[in-house]
Amino acid sequence: MLQRKDLLGLKDCSSAEIYEILDEAAEMKKIILSGNKRSDILSGKSLVTLFYENSTRTRSSFELAAKYLGASEVNISVATSSVQKGETLIDTGETLDAMHVDYIVIRHPMAGAPKLLAEHVKASVLNGGDGMHAHPTQALLDMFTMREKLGKIEGLKVAILGDIKHSRVAMSNLFGLTKLGASVHMYAPATMIPKEIERLGAHIACSREQAVEGADVVMGLRIQLERQHGGLFPSLSEYAKYYGVNDGVLKYAKKNAIVLHPGPVNRGVELTPQVIDGDSSFILEQVTNGVAVRMAILKLLKEYREKNL
Ligand code: CP
């Protein structure tokens, strides 16, 4: 049973909690695919999305997940909210609490902002991405997709290529995948590999081909230009040539290897258009699975709250 009020990251989640979310997401996917995306599992509950950074997938999938389960949902547009008048994060959270909101989904450029919020509100806080720290629901949907397509996670070789240093997706995948027994191999320009990441269980490859050799999963990462200060690689075309994923690189992976990317993709930079649109790519399936995983988490947090709070 998910043993928490909030979902802030995967570092502290047990493998049993992660598997429970993945199992529940499989049930939720049946609702999505049924054609009748209506359930009353969260009837009478309310969810607010509070995004201090842009998003297409995470925000809309949380909003759809709430709707499909019968909850009310509201988005706070930070650009037009009282945040612009200087209201603090904690005051904003306490204001939402006063409206008896059940869930707050937050994305924030500062690592730790969701935790700070969670410590000050009664609502369940879900981390939709905080700085370079964590993006737990993205990693969960990635793991769900791996298990759905390959039948397991334990024993998989997962190659993660790209801007690891600025990627909260890479960090959450590293914690989640190693917990479930996969091995994570990373490759990027040296300027984009965080110091000490090997101590967290990552294998740093000497070349793109070495990272991908025998891999079950090849995951590209977006270059996080918004979190860089420039000068980390010579040019986008050289990045694509030496660090991107193309059909030639994929030949080193297992025959049935799958290609994932959290999105949004910079076409022709992190992945070639042929790879994005190729038979090995499950990037759009990841998006579908993102709704299922978020539905599962909302349901399990509700069950925890009913028993414990
Ligand atoms: N993968 C991801 O977080 O996408 P968005 O930025 O569109 O939410």
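Two strands are taken to pair if DSSP finds at least two bridges between them, and the helices (H or I, at least four residues) and strands (E, at least two) are themselves DSSP runs, numbered from the N terminus. The structure is a predicted model, in which local features need pLDDT of at least 70 and side-chain atom pairs count only at pLDDT 80 or more, whereas totals for chains, interfaces and linings use all residues. Residues are numbered from 1 along each chain as its sequence is written, and side-chain values use heavy atoms, with hydrogens and water left out.

In one open sheet, four strands are arranged in the order β2-β1-β3-β4 with parallel pairing. Each of the edge strands, β2 (72–77) and β4 (124–130), has a single partner strand, so one side of each is left without a neighbour in the sheet. On average, and with direction ignored, neighbouring strands of this sheet are turned by 15° against each other; axes here are lines fitted to C-alpha atoms, for helices over the stretch in contact, and angles run from 0 to 180 degrees between N-to-C directions. Strand β1 (residues 46–51) runs parallel to β2 and is joined to it by six bridges, with Val 48 standing opposite Val 74 of β2. Helix α2 (residues 57–68) lies across β1, β2, β3 (103–108) and β4, and runs at about 175° to β1; contact means heavy atoms within 4.5 Å.

A second open sheet contains five strands in the order β7-β6-β5-β8-β9, again with parallel pairing. Its edge strands, β7 (203–204) and β9 (258–260), each pair on one side only. Four bridges link β5 to strand β8 (residues 217–220) in the parallel sense, and Ile 160 has Met 219 in β8 as its bridge partner. Helix α5 (residues 136–150) packs on this sheet, where it touches β5, β8 and β9, and its direction makes about 165° with that of β9. Helix α6 also packs on the sheet, touching β5, β6 (183–187) and β8, with its direction at about 155° to that of β6.

The ligand is surrounded by Ser 55, Thr 56, Arg 57, Thr 58, Arg 107, His 135, Gln 138, Pro 262 and Gly 263, a residue being near a molecule if one of its heavy atoms lies within 4 Å of it. An N or O atom in the side chain of Ser 55 is 2.6 Å from an oxygen atom of the ligand, while an N or O atom in the side chain of Gln 138 is 3.0 Å from a nitrogen atom of the ligand. From the backbone, an N or O atom of Gly 263 lies 3.1 Å from a ligand nitrogen atom. Of the 250 Å² of accessible area that the ligand has on its own, the protein covers 92%, as computed by the Shrake-Rupley method with a 1.4 Å probe.

His 166, in the loop between β5 (157–161) and α6 (168–179), counts as buried because its relative accessibility is 5%, buried meaning under 20% relative accessible area (1.4 Å probe, protein chains only). The side chains of His 166 and Asp 163 are joined by a polar contact of 2.8 Å, defined as a pair of N or O atoms within 3.5 Å, of which, within protein, one must be able to donate a hydrogen and the other to accept it, residues adjacent in sequence counting only if both atoms are side-chain atoms. His 166 and Arg 222 are 56 residues apart in sequence and 9.4 Å apart in space, C-alpha to C-alpha.

Terms used. Buried means under 20% relative accessible area, exposed over 50%, partly exposed in between (1.4 Å probe, protein chains only).
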